[in-house]
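Student: I'm new to this one and would like a close look at a single part. Please walk me through how the charged side chains pair up.

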Amino acid sequence: MLCKAGLTHRFRGVTVSSALSKVGSRPTKCRPTYGSASFKPPARHWSNVPFLGVPLSRTPGIPFAHRSELKQAKRIVVKLGSAVVTRGDECGLALGRLASIVEQVSVLQNQGREMMIVTSGAVAFGKQRLRHEILLSQSVRQALHSGQNQLKDMTVPVLEARACAAAGQSGLMALYEAMFTQYSICAAQILVTNLDFHDDQKRRNLSSTLHELLRMNIVPIINTNDAVVPPPEPNSDLQGVISIKDNDSLAARLAVEMRADMLIVLSDVEGLFDSPPGLDDAKHIDTFYPGDQQSITFGTKSRVGTGGMEAKLKAALWALQGGTSVVIASGTHPKVSAHVITDIVEGKKVGTFFSEVKPAGPTVEQQAEMARTDGRIMASLQPDQRADIIHRLADLLTDNRDEILSASKRDMEKAVALGRLSQPLMKRLSLTTAKLNSLAIGLHQIAASAQDSVGRLIRRIRVANGLDLEQITVPIGVLLVIFESRPDCLPQVSALAIASGNGLLLKGGKEATYSNQILHHLTQEALSIHGVKDAVQLVNTREEVEDLCRLDKLIDLIIPRGSSQLVRDIQKASKGIPVLGHSEGICHVFLDSNANVEKAIKIVRDSKCDYPAACNALETLLVHRELLRTPFFDQIIDMLRIEQVKIHAGPRFASYLTFSPSEVKSLRTEYGDLECCIEVVDSVQDAIGHIHKYGSSHTEVIVTENEETAEYFMQHVDSACVFWNASSRFSDGYRFGLGAEVGISTARIHARGPVGLEGLLTTKWLLRGEGQAVCDFAEQGTMSYIHENLPVPHRI
């Protein structure tokens, strides 16, 4: 086996003046123009060279239908446009971007993928070198004679592109080699020209060389031989046999011939837009489907290069028809370029993805737009009209009980067959008659509260004579609620969104697919009575949660309902969208020395055992030191053992016992099951200190008969909910009388605790004047501020 250095030497500067095969057997001149009605995808004519590398993870020839499938890509071509590798002055390379690209390609190569690069940059690199040489070649006498000011203004003659390419190609390749060497990867240079495309022997040579390089884990770096290539024909179109008049065409041709799974085209724009991206109303196209060309208006080309977005589109569609998936994305945006390639391969929403499979329904972006449009109409309805919708939804839940329970049964059977859900989660997934009855009751409560929600007058201020200011409640906008294994969450959250006039996007877990579908259908049926069916949307596409969190221009608030891990992931993934929720539910119950044993047993049992997977379930039991080794404490322990609760000992509790339960690994643990930690404290102050250090500001409980101690605890504990002699499980929107909740927030702004209708509203200010201007209130003005608070009339 050759050493790495030997391989580098062997393949350094390899110039394969060859081309790829003609696609199809008919002459080019007989083919219809690309995009015409009679155009048909070209038939493939693959070389007979056997595949020598590791077998692909999928059958080649069929492009991926969805972004999430891009993770399976084995063979990837990365095309680097001139604007990506060239500096802003078009003279020299953007070394930082190039280094980042090499790092990303190396990461993917070291994962076992087969990476190929089609690069520009030789002309820019050569221009930089030749300019430098010209300046150095000028005589010292001429430079001195010109004077300092004239020397600064001295211009360099216009350089011919072929000469620049000849001077820059070797330097460009040396730079790539040096960068890839940092990751223990060899690179090989391959140059092609358009004149060689019709020579089958040269085409087979190129194919053989590329396969051999990939087999040896070497990254081929391909470019047109700009030192000898003829100028591109003006206005020549891509036809049945694709040309290589630009590197976009070359990359597409190479990707199809090499049966690449994916072609990534990096440019200076974020992908396709429906109009030139510089325009205010230009909308980015996330997924592009063949036949949608009419929806695009092209602008000018980039500052450098010979292609342009129109050339990229045509090359991308040609590659797609040849069986290669394509993504066009920005390689210059400072916020994304450092990870754009790896993000694309991970299936994230970056750039424009080309797919032949058009979804039957709307995209998630279109769903968000529909939710916003109908949400605004819904906000303008009369309060009793919004209440009518919610009452109707409650009735539909009762009237269609059998269909809902049947759908729930299908979800339960699927979950059992897969065996992935724990017993508490199975309980959460299940819909029962009792749950539906409770849902209907809660919805009727929400309908009643909807009478006084949107447009409620909060404050009136007379700023000056004839200048009155009002503050009223308004919807937040479009909400995204992501929930796991809780289909009953769908009608609850929908009712709250309807009552508050918000558009709503719902993303439920796959485990509740059938239940969510019928519940959403009933929700839209209820919305239809006042013509706002699309205000609530259920996301059924393959959108990843992380991708949804990037839609900051369409979504105003994200509310996660599920595990603490889900909430943390969403808080991390959210890009500019506020997240309302709690990352953990580490709830405490403190048994004071003056606690009543019967109350304590009942509260601890209910807090821990009623629904251990809930975020408001007891996780840590704090016990006053005076209760240890008393019948009171023994009864608590016996009850927990009877309920089969696994006990973990805190450090202080363990120190009191000769034989103790397993010592807890962390006092910041949310078990979510029949497990809890027991720890000992010396006083109510110690209990509060423990809660502030290890808690999550969710729900805390004190059990005591001492009113002074209870009040001290309730006033000093800094959590969203603090209870005295009551189970932590009361921390719930329905039990608080809010009808339902969208979640429980431990944040300290906007909304805290169970978030019901009020938490889904914000405010706006309305100022009514008579032509006043701020200058009227200046020192020499004729008016003065009053700032008089006016009474707020109540709605009847």
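Tutor: What follows is a tour of the salt bridges, one pair at a time. This is a predicted model, where local features need pLDDT of at least 70 and side-chain atom pairs count only at pLDDT 80 or more, while totals for chains, interfaces and linings use all residues. Numbering runs from 1 along each chain as its sequence is written, and side-chain values use heavy atoms, leaving out hydrogens and water.

Side chains of opposite charge can pair when their charged atoms come close. The count here is 31 salt bridges (a side-chain nitrogen of Lys or Arg within 4 Å of a carboxyl oxygen of Asp or Glu).

Let's start with D286 and R67. Their closest N and O atoms are 3.3 Å apart, and that makes a salt bridge. D286 sits in the loop between β5 (262–267) and β6 (287–288), while R67 belongs to the loop between α1 (4–11) and β1 (75–80), so this pair ties together parts 219 residues apart in sequence. (Helices, H or I, of at least four residues and strands, E, of at least two are DSSP runs, numbered from the N terminus.) How covered are the two partners? D286 has a relative accessible area of 14%, so it counts as buried (under 20%; exposed is over 50%, partly exposed in between, with a 1.4 Å probe and protein chains only). R67 is buried as well, because its relative accessibility is 8%.

Next up is K312, which has D248 as its salt-bridge partner, with 3.4 Å between the closest N and O atoms. This pair also links distant parts of the chain: K312 is in helix α9 (residues 309–321), D248 is in helix α8 (residues 247–257), and they are 64 residues apart. Both K312 and D248 are buried.

Now for E546 and R550. Their side chains meet in a salt bridge too, at 3.4 Å from N to O. How exposed are these two? E546 has 30% relative accessibility, so it counts as partly exposed. R550, at 23% relative accessibility, is partly exposed too.

There's more to see around E546 and R550. Both belong to a network of salt bridges that also links D343, E346, K348 and D547. If you find E546 in the 3D view, you can look for the other members of that network from there.

To recap, D286 pairs with R67, K312 pairs with D248, and E546 pairs with R550.
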